[in-house]
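Here are a few short exercises to work through with the structure open. Try each one before reading its solution.

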Amino acid sequence: MENEFKTDRTYIMDLAMLNTYNAKGCESCNRRFNLGDSVVMAVGGWGDSFAKLIHKEDAVFDKRTNTYYERTYFHSMRGKE
């Protein structure tokens, strides 16, 4: 079996995460999170190099880099290749 680093993890928003991350909400769509939402840590064009928690439907998983990207950021990066 191949030992491979995987970052394609989806989290389900629970009460602890909701209390921690809901003050700002989703970086991608600016909506608040709800209990039970599927969320991922994704890289985006929000001005710093840190991954942020966003709704999974606002993210794209790149198998080449094993990283989630914010959807519009990912498509803008692909256009530059």
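Helices (H or I, at least four residues) and strands (E, at least two) are DSSP runs, numbered from the N terminus. Keep in mind that this is a predicted model.

**Exercise 1.** Find where Asn-30 sits and work out whether it is buried or exposed.

*Solution.* Start with the elements: Asn-30 falls in the loop that links α1 (15-21) to β2 (38-43). Next, take its relative accessible area, which is 56%. The cut-off for exposed is over 50%, so Asn-30 is exposed.

**Exercise 2.** What is the sign of phi at Asn-30, and what is it at Asn-66?

*Solution.* First, the background: most residues other than glycine have a negative phi. Now check Asn-30: it isn't a glycine, yet its phi is positive, at about 65°. Then go to Asn-66, in the loop between β4 (59-62) and β5 (67-70). Asn-66 is not a glycine either, and its phi is positive too, near 55°.

**Exercise 3.** Classify Asn-22 as buried or exposed, then list what it touches beyond four places away in sequence.

*Solution.* Asn-22 is another resident of the loop between α1 and β2. Its relative accessibility is 18%, and buried means under 20%, so Asn-22 counts as buried. Leaving out residues up to four places away, Asn-22 touches Met-17, Arg-32 and Phe-33. Zoom in on Phe-33: its backbone nitrogen lies 2.6 Å from a polar atom of the Asn-22 side chain.

**Exercise 4.** How far apart are Leu-15 and Gly-36, in sequence and in space?

*Solution.* Begin at Leu-15, in helix α1. Gly-36 is 21 residues away in sequence, and the C-alpha to C-alpha distance is 9.1 Å. As for accessibility, Leu-15 counts as exposed at 52%.

Key:
Residues are numbered from 1 along each chain as its sequence is written. This is a predicted model: local features need pLDDT of at least 70, side-chain atom pairs count only at pLDDT 80 or more; totals for chains, interfaces and linings use all residues. Side-chain values use heavy atoms; hydrogens and water are left out. Buried means under 20% relative accessible area, exposed over 50%, partly exposed in between (1.4 Å probe, protein chains only). A polar contact is a pair of N or O atoms within 3.5 Å; within protein, one must be able to donate a hydrogen and the other to accept it, and residues adjacent in sequence count only if both atoms are side-chain atoms. Contact means heavy atoms within 4.5 Å.
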